[in-house]
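I am opening a notebook page for a structure that is new to me. My plan is to go through the chains, then a few elements, and then the place where the chains meet.

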Amino acid sequence: MHIAEGVLSAPVLVGGAGLALAGTAVGLKAIDYDRITRVGILSSAFFVASLIHVNVGPSSTHLVLNGMVGLMLGWAAFPAILVALILQAFLFQYGGITVLGINTVIMALPAVICYYAFRPLLFKAYKPAMVGAFACGFCSVFLAALIMGMSLIFAEEHFLEVAALIFAANLPVMIIEGIVTAFCIAFIKKVSPEMLPGYGGQRPEDGGQKTDDRATGFQKARK
Amino acid sequence: MVRERNHRAPEAKAPNHRGRKNDDGRQTCNSQPATRNLAQKTKHKTLNTKPNPMITEPFTVGNSFVHRVDPRLKLVFAVMLSCIVAVADSLSTLFAGLAIALLLIVLARLDGWAVLKRLAVVFGFMAFIWVVLPLTYPGVPLVEVGPLQLSRPGVLLCLKITLKSITILSILIALVATTTLSAIGNALHSLGVPGKLVYLLVMTYRYIFVIENEYQRLIRAARIRGFQPGTNIHSYKTVAFLTGMIFIRASARAENVYRAMLCRGFNGEFHTLGPVAPYTRNKAFTVLTSAAFIIILGLEIWNQSSP
């Protein structure tokens with residue numbers, strides 16, 4: 001999910017940078033030094049996850065997983081994604097300096113929205129939780145593609161067709177992202193539920209019993 | 001920076017427990033994980049048939065003119081030049097910008113082929129734009145091929161976007177990719193970027209390589225068990241579990257690292273050392289890039305005022 005250099009006009013670039021700056025400021029305020037190591041290492045996990053390619057028919061796409069990052073980090077997703085993008089620019093030259101702001105907004109704003117929208121669903125019963133997780137993955141890419149298309153159209157009204165094509169090309173990515181996020185969250189819920197927001201120390205699958213025994217989770221996963 | 005010795009914290013626990021039961025506890029405790037790690041290392045070597053690191057930094061090391069400039073200066077001028085090229089509108093300005101960017105790459109004595117490979121990232125998107133925009137952009141047709149009309153403003157816009165994109169990426173490669181990340185973090189800190197953000201950046205960079213290794217290990221394990229990625233739920237499920245495992249291990253590692261840092265006296269303050277490498281070409285670089293900036297700015301203003 002990148003907008004390349006040289007496409008956008010100055011007002012969009014400045015607007016994106018401003019929004020990214022505000023979001024990052026809020027995010028940095030939310031992180032204290034106890035959590036910063038965690039945010040940094042999860043940010044590198046996000047960076048590595050975006051290198052994972054999955055097949056879609058004859059071609060392939062890479063995972064975005066901004067929904068997952070949003071769920072795990074909340075507002076801290078802004079600095080985490082900004083840092084991952086800086087490193088992508090530094091290591092791979094994916095996107096340059098001027099689009100850093102708008103690209104951060106494209107991925108981090110949906111992440112924060114998904115955090116607030118789908119956090120309450122995660123520890124409900126199996127079905128609503130899976131649907132919520134799928135919707136989280138789907139919506140994070142959907143919103144990202146939407147913001148991306150809108151910023152293209154704001155920059156140049158004749159970009160309508162380009163924006164529409166990019167949005168359409170991202171449709172399969174949304175579905176895959178939804179599936180992967182759903183399974184990923186189901187997996188994390190079984191193995192290490194305390195990583196997710198709203199975890200109250202109980203496992204809904206165990207009938208609400210308080211348990212710290214991870215072995216039960218593994219055995220359940222195997223069945 | 002804190003270095004994490006225990007590469008596989010959760011797994012290494014088991015031999016430790018066994019070692020504690022032994023009579024001469026200390027000896028066994030230390031030696032067992034070591035032999036275990038050694039065995040794993042050799043195992044990896046035989047299994048890893050093609051060592052193909054996903055993350056490489058071909059440009060950071062060098063001894064050229066650009067490598068010997070203070071990272072702070074490089075960052076400031078990279079931002080200034082990128083911004084002015086991004087908002088420029090006339091073709092002559094953009095060609096001047098491209099020439100300056102290429103000059104910087106030559107001054108950095110980078111391998112042309114490697115630079116081209118890095119620039120290839122944007123070629124896909126550029127090809128897409130060149131196919132779509134001339135057909136959909138309204139305006140005077142430049143060429144008519146059967147029923148299709150390639151509009152003149154559309155082609156012009158494509159050319160501008162391509163020039164801007166290549167120029168900005170070249171500036172990034174020449175000025176930013178020729179700096180080590182620790183130097184960039186250092187420069188950002190002394191330029192007034194909040195310490196937390198710099199710390200986050202350096203921390204993330206430090207662990208990218210560790211987590212990438214972890215990912216390689218997981219995917220190798222999946223391949224050995226006969227995993228072949230395809231377009232089906234099973235593949236997506238496998239990838240999802242694998243990704244979940246990456247996040248879980250990253251989280252566990254974060255706990256361990258934070259505790260280790262506390263042990264070493266981390267109190268929330270992040271110290272950066274001043275510039276260390278012999279940065280001797282600062283004045284020449286400042287004169288050169290300022291001149292380049294003024295040339296681009298002047299060209300743009302001149303072009304805007306006399307259309």
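Entry 1, chain A as a whole. I began with contacts in chain A between residues at least 6 apart in sequence, and I found that 72% of them join residues at least 24 apart. I keep in mind that this is a predicted model, and I note its scores, an ipTM of 0.86 and a pTM of 0.83. I looked up the elements of chain A and found 9 helices and 2 strands, which run α-α-β-β-α-α-α-α-α-α-α from the N terminus on. Chain A has 223 residues, and buried residues make up 55% of them.

Entry 2, chain B as a whole. Here I found 11 helices and 2 strands, in the order α-α-α-α-α-α-β-β-α-α-α-α-α from the N terminus on. Of the 307 residues of chain B, 33% count as buried. Among contacts in chain B between residues at least 6 apart in sequence, those that join residues at least 24 apart make up 74%. I also checked the confidence: the mean pLDDT of chain B is 80, and 81% of its residues reach 70 or more. Over residues 1-51 of chain B, however, the pLDDT is below 50, and beyond near neighbours in sequence this stretch has 27 contacts in the model.

Entry 3, helix 3 of chain A. I asked how many residues of helix 3 of chain A are buried. The helix spans residues 66-73, and 8 of its 8 residues are buried, which leaves it mostly covered. What covers the buried residues of this helix? The cover includes helix 2 (33-49), helix 4 (77-92), helix 5 (100-118), helix 6 (126-155) and helix 8 (171-191) of chain A, and with them helix 10 (233-263) of chain B. Just after helix 3 of chain A comes A:G74, and its phi is positive, near 65°.

Entry 4, A:V69 and the core. I stayed with A:V69, one of the buried residues of helix 3 of chain A, and listed its contacts. Leaving aside neighbours within four places in sequence, A:V69 is in contact with A:L42, A:F46, A:A77, A:A80, A:I81 and A:A111. I then looked at the largest nonpolar core, which has 153 residues, and A:V69 is among the members that touch the most others, together with A:L42, A:A45, A:A77, A:A80, A:I81 and B:L172. The largest share of this core, 14 residues, comes from helix 6 of chain A.

Entry 5, A:Y116. I placed A:Y116 in helix 5 of chain A and asked whether A:Y116 is buried or exposed. A:Y116 is exposed, because 12 other C-beta atoms lie within 10 Å and the cut-off for an exposed residue is 12 or fewer. I also noted that A:Y116 and A:L71 are 45 residues apart in sequence, while their C-alpha atoms are 8.3 Å apart in space.

Entry 6, the strands. In chain A, strand 1 (residues 53-56) and strand 2 (residues 59-62) run antiparallel and are joined by 4 bridges, and A:V56 has A:S59 as its bridge partner in strand 2 of chain A. The two form a hairpin with 2 residues between them, and in its turn A:G57 has a positive phi of about 60°. In chain B, strand 1 pairs with strand 2 (residues 148-151) in the antiparallel sense over 4 bridges, and B:E144 stands opposite B:Q149. That hairpin has 2 residues between the strands, and B:G146 takes a positive phi near 60°. Why does strand 1 of chain B lie largely in the open? Of its 5 residues (residues 141-145) the number buried is 0, so strand 1 of chain B lies largely in the open.

Entry 7, helix 3 of chain B. This helix (residues 71-87) has 17 residues and reaches 24 Å from its first C-alpha to its last, close to the 24 Å expected at 1.5 Å a residue. Its buried residues include B:P71, B:L75, B:F77 and B:L81. I found that the buried residues of helix 3 of chain B pack against helix 1 (10-30) of chain A, and also against helix 4 (91-107), helix 7 (152-176), helix 8 (181-190) and helix 11 (282-305) of chain B.

Entry 8, where the chains meet. The contact takes 59 residues from chain A and 65 residues from chain B. On the side of chain A that touches chain B, helix 1, helix 2, strand 1, helix 4, helix 7 (160-169) and helix 8 of chain A each supply at least two residues. The largest share of that side, 14 residues, comes from helix 2 of chain A. By class, the side of chain A that touches chain B has 44 nonpolar, 12 polar and 3 charged residues.

How values were computed. Residues are numbered from 1 along each chain as its sequence is written. Chains are lettered from A and ligands numbered from 1 in the order in which they are written. This is a predicted model: local features need pLDDT of at least 70, side-chain atom pairs count only at pLDDT 80 or more; totals for chains, interfaces and linings use all residues. A residue is buried if 20 or more other C-beta atoms lie within 10 Å of its own, exposed if 12 or fewer, and partly exposed in between; C-beta atoms are placed from the backbone. Two residues are in contact if their C-beta atoms, placed from the backbone, lie within 7 Å. Two strands pair if DSSP finds at least two bridges between them. A nonpolar core is a set of buried Ala, Val, Leu, Ile, Met, Phe, Trp, Tyr and Cys residues joined through C-beta atoms within 7 Å. The expected span of a helix is 1.5 Å times one less than its number of residues. pLDDT is the predictor's confidence in each residue, from 0 to 100. Ala, Val, Leu, Ile, Met, Phe, Trp, Tyr, Cys and Pro count as nonpolar, Asp, Glu, Lys and Arg as charged, and the others, Gly among them, as polar.
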